[in-house]
Each structure stands twice: as C-alpha cells, then as structure tokens.
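Please examine the model shown below together with its sequence. The report that follows treats surface features, strand pairing, backbone geometry and salt bridges in turn.

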Amino acid sequence: MKKNAIAGHCFANWVAFEVHLAEWEREVANVRIHGTTGEAPIARFARDEAHRLKPLGGQPSFGSLRELARVVGNDCAVEIDTNSYSVPWRLIGERVAVTVAAGEVRIRHGMREVAVHKQSEGRRLRIIDSAHLDGVAGRNGAVCRPEIAAATVPGSSPLPSLLRPLAEYEAAIGGSF
C-alpha cells in the first residue's frame, strides 16, 4: 500500500483520499496475487469466508465507544473533536475521564459522573450547561457585593470577607464538593 496506494498522490480532501483508497483496494489490492497465499484475496474470500457471514438483522454491527482522558481547562471545559464541553468549574485543572458513545459525552471525575452532554455534530462549538458555571466570578457581570462596594471612609480599609463559601475551601483541601 505505501508503495503504490498513496505514494506520490495529492488529495483535495479526506473524501477524495477515501475514494482513491476504496478504488485502489477494489482494483489493485484485492485482485493481485498475494505473496503468502499465492492467490487473489477476493477469490480466497469468496471461496472460504463469504458464506460464513450472517445478516445483522437490522442491528448496527458494533457500538462505537471511545474512552478519553482530559484535563479541564480554565474555560471550565474539555475539548473533544474540536468541540468544548462544559464541566463544573471547581474541576479546573483536574484530570477527568470522558466516554463518547451513543451520541453522548459523559464526563467523570474519579467515580462520580460530573457532566453529560449530547455529542455535537458540528465543529469548534461550545456546549455549555449553565449550572457548571454557577459561582464563577464575573459570570453575571462584574463581581459586586454590597459589603465590598459600600463607600468607605478615605484611609480606612473595608473589613475582609470571604468571597467563596467555606465548602469550596473544604473541597480545595480534600473535602467533597
């Protein structure tokens, strides 16, 4: 194959490449005499294997399933096939397991499923579950809390306040979220 199927050829796109390979397989590879068996692969298939095939009865031949590992980006998402799928923002920087199957993208952190999205048909799209962004600073405009925004006397500093719930700090040191 590497010596005559694609060597020296240029293809305008992936479809043209696949069409060329299908034609090469049908007209060259399957009809030439194989070096090991001494016969054409298409003749051997017709004689020894074709009659063993059984109809699938309308069922798909196999289920397509992919298992991937990703790190959650600063945009609260993981990238799969050029598309970004959101995950809870607390997982930024964490490694997650992704399963792509049956038109769905399922994302797990440890043993816990943290996100499920419909698999996108397009390219370079952002698929976002807004619940994954709850608590992100600036999500609904600038962060402006009444106790921080209150006018202060010049020279005095406002009392420090926690900007996040204590549960988030607990999660950062190993608790659950």
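## Nonpolar surface patch

Val-31, Ile-42, Phe-45 and Leu-53 make up a nonpolar patch on the surface, and their combined accessible area is about 360 Å². Patches consist of residues with over 30% relative accessible area and no salt bridge, where like charges are joined within 9 Å and nonpolar side chains (Val, Leu, Ile, Met, Phe, Trp, Tyr) within 5 Å. Accessible areas come from the Shrake-Rupley method with a 1.4 Å probe, and for residues only the protein chains shown count as cover.

The model is predicted: local features need pLDDT of at least 70 and side-chain atom pairs count only at pLDDT 80 or more, whereas totals for chains, interfaces and linings use all residues. Residues are numbered from 1 along each chain as its sequence is written, and side-chain values use heavy atoms, with hydrogens and water left out.

Within the patch, Ile-42 belongs to helix H2 (residues 41-49). Helices (H or I, at least four residues) and strands (E, at least two) are DSSP runs numbered from the N terminus. Ile-42 counts as partly exposed because its relative accessibility is 42%; the classes are buried (under 20% relative accessible area), exposed (over 50%) and partly exposed in between, with a 1.4 Å probe and protein chains only.

## Open mixed sheet

Three strands form an open sheet with mixed pairing, in the order S2-S3-S7. Strand S2 (77-80) and strand S7 (126-127) are the edge strands, each pairing on one side only. Two strands pair if DSSP finds at least two bridges between them. Strands of a sheet pair through backbone hydrogen bonds, either parallel or antiparallel.

Strand S3 (residues 83-86) and S7 run parallel and are joined by two bridges. Ser-84 stands opposite Arg-126 of S7.

## Positive phi angles

Most residues other than glycine have a negative phi. Asp-81, although not a glycine, has a positive phi of about 55 degrees. Asp-81 occupies the loop between S2 and S3 and is partly exposed, since its relative accessibility is 32%.

Arg-124 likewise has a positive phi, near 55 degrees, and is a residue other than glycine. Arg-124 lies in the loop between strand S6 (112-118) and S7. With a relative accessible area of 66%, Arg-124 is exposed.

## Contacts of Ser-64

Ser-64 is located in the loop between H2 and strand S1 (65-71), and its relative accessibility of 53% makes it exposed. Leaving aside neighbours within four places in sequence, Ser-64 is in contact (heavy atoms within 4.5 Å) with Val-100, Ala-101 and Ala-102. Ser-64 and Ala-102 are 38 residues apart along the chain, and their C-alpha atoms are separated by 7.2 Å.

## Salt bridges

A salt bridge is a side-chain nitrogen of Lys or Arg within 4 Å of a carboxyl oxygen of Asp or Glu. By this rule the model has eight salt bridges. Glu-39, Arg-44, Arg-47 and Asp-48 are linked in a network of them. Within this network, the side chains of Arg-44 and Glu-39 meet at 3.2 Å, N to O. Arg-44 is partly exposed at 32% relative accessibility, whereas Glu-39 is buried at 18% relative accessible area.

Arg-106 forms a salt bridge with Glu-104, the closest N and O atoms being 3.0 Å apart, and another with Glu-113, where the corresponding distance is 2.9 Å. Arg-106 is partly exposed, with a relative accessible area of 30%. Glu-104 is partly exposed at 28% relative accessibility, and Glu-113 is partly exposed at 42% relative accessible area.
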